[in-house]
Amino acid sequence: VTLEVAVAGELNLDLILYGLPASLQQEREHLASDMVLTLGSSSAIVAHNLAALGTKTGFCSLAGDDAFGRLALARLQEAGVDVSRVRQRAEIATGLTVILQLPGGRRILTYPGAMQAMSLADLDLDYLATARHFHLSSFFLHRALRPHLSDLFRRMRAAGLTTSLDTNDDPEDRWGEDLAQTLRHVDVFLPNEREACRAAGVPDLEAAVERLAAYIPLVIVKRGPHGALARRGRETVAAPAASAPVVDPVGAGDSFNAGFLHRWLQGADLRDCLAFANRVAAHSTTKPGGTEAFRGGCSL
Ligand SMILES: Nc1ncnc2c1ncn2[C@@H]1O[C@H](COP(=O)(O)OP(=O)(O)OP(=O)(O)O)[C@@H](O)[C@H]1O
Ligand SMILES: [Mg+2]
């Protein structure tokens, strides 16, 4: 296979429950009106949706040798992702995120499972290096891999690939020095507004983007209902969100990443990449989870 994008990262499922009462009481049984068990995890959603858009994508990860792992792999495969390098190990469990869509806001509970055990030895670096571009999401969830991430990005770039990173949130909210080290080897950084500020270490978004753009070639900030902005050197481009009937926003940021990278790797200009990414993100919100809207392909 000739790969355009190699994604390394976490692989788990999302269990989403809809229609729950506003308050959950101890020892009572509450009923949900709808339920979806679907592919979750930022890295896997990026890989799935890139492939659904038509970009040749390979995925390296670690999963348990269990029913959840098999379902996650089947979903990636159906979208056309090459999963031949995903390892399954019997002694670990594939992780699960339970999302409770409560009227007063979401509750998100994650059992990380395999993603915290995945180490550098679980990744086929020679395989990753055959692609044009390397992407990884969820910097802070990779407990075993994290000490090696800066070196992994450095090696991918040294092998001639361009690289992108979406940190997502840091559950400990510490935004350690190792992130700054890793960002030195990143071509496209894809945070949301809060993550951009935390990664730069300044509370003001404009100042944060200024700092990041001083050493990262392309900084893309996702701004929820306000769309997104791109900063390349001294050039700034902004694009409004696309509108869509929202079922849930799960995976919108990951779908944005897939849309942006898909167009960027085709050589499109920044304005076009942003507009397309916003459309792909909005499309993701029209069905449950981050990949349901992309199953069976996507003709955006
Ligand atoms: N309410 C909305 N209407 C239309 N588009 C939206 C809406 N919310 C998010 N989006 C789209 O999704 C993109 C990413 O959303 P957001 O800024 O929330 O990223 P994120 O925080 O990284 O998301 P995630 O929770 O998936 O990690 C936005 O740039 C926008 O294009
Ligand atoms: Mg995100």
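Colleague: What makes the pair formed by Gly 224 and ligand 1 a polar contact?

Modeller: A backbone N or O atom of Gly 224 lies 2.6 Å from an oxygen atom of ligand 1. A polar contact is a pair of N or O atoms within 3.5 Å (within protein, one must be able to donate a hydrogen and the other to accept it, and residues adjacent in sequence count only if both atoms are side-chain atoms), so this pair qualifies. This is a predicted model: local features need pLDDT of at least 70, side-chain atom pairs count only at pLDDT 80 or more, and totals for chains, interfaces and linings use all residues. Residues are numbered from 1 along each chain as its sequence is written, chains are lettered from A and ligands numbered from 1 in the order written, and side-chain values use heavy atoms, leaving out hydrogens and water.

Colleague: Which atoms of Gly 253 and Asn 278 pair with ligand 1?

Modeller: For Gly 253, a backbone N or O atom, 2.9 Å from a ligand oxygen. For Asn 278, a side-chain N or O atom, at 2.6 Å.

Colleague: How do you know how much of ligand 1 the protein buries?

Modeller: Accessible areas come from the Shrake-Rupley method with a 1.4 Å probe. Taken alone, ligand 1 exposes 630 Å², and the protein buries 77% of that.

Colleague: Why is ligand 1 said to sit in the largest pocket?

Modeller: A molecule sits in a pocket if more than half of its atoms lie within 2 Å of the pocket's grid points. Ligand 1 sits in the largest pocket, so it passes that test. The pocket's volume is about 1200 Å³.

Colleague: What makes up the shell around ligand 1?

Modeller: It has 16 residues, Asn 192 and Gly 227 among the closest. Each is near the ligand because one of its heavy atoms lies within 4 Å. Helix H9 gives the largest share, 4 residues.

Terms used. On a 1 Å grid over the protein atoms alone, a cavity is a set of points where a 1.4 Å probe fits but cannot get out, and a pocket is an open set with protein on both sides within 12 Å along at least five of seven lines; lining residues have an atom within 4 Å of a point. Helices (H or I, at least four residues) and strands (E, at least two) are DSSP runs, numbered from the N terminus. Grid points are joined across faces, edges and corners, and a volume is the space filled by probe spheres set on the points.
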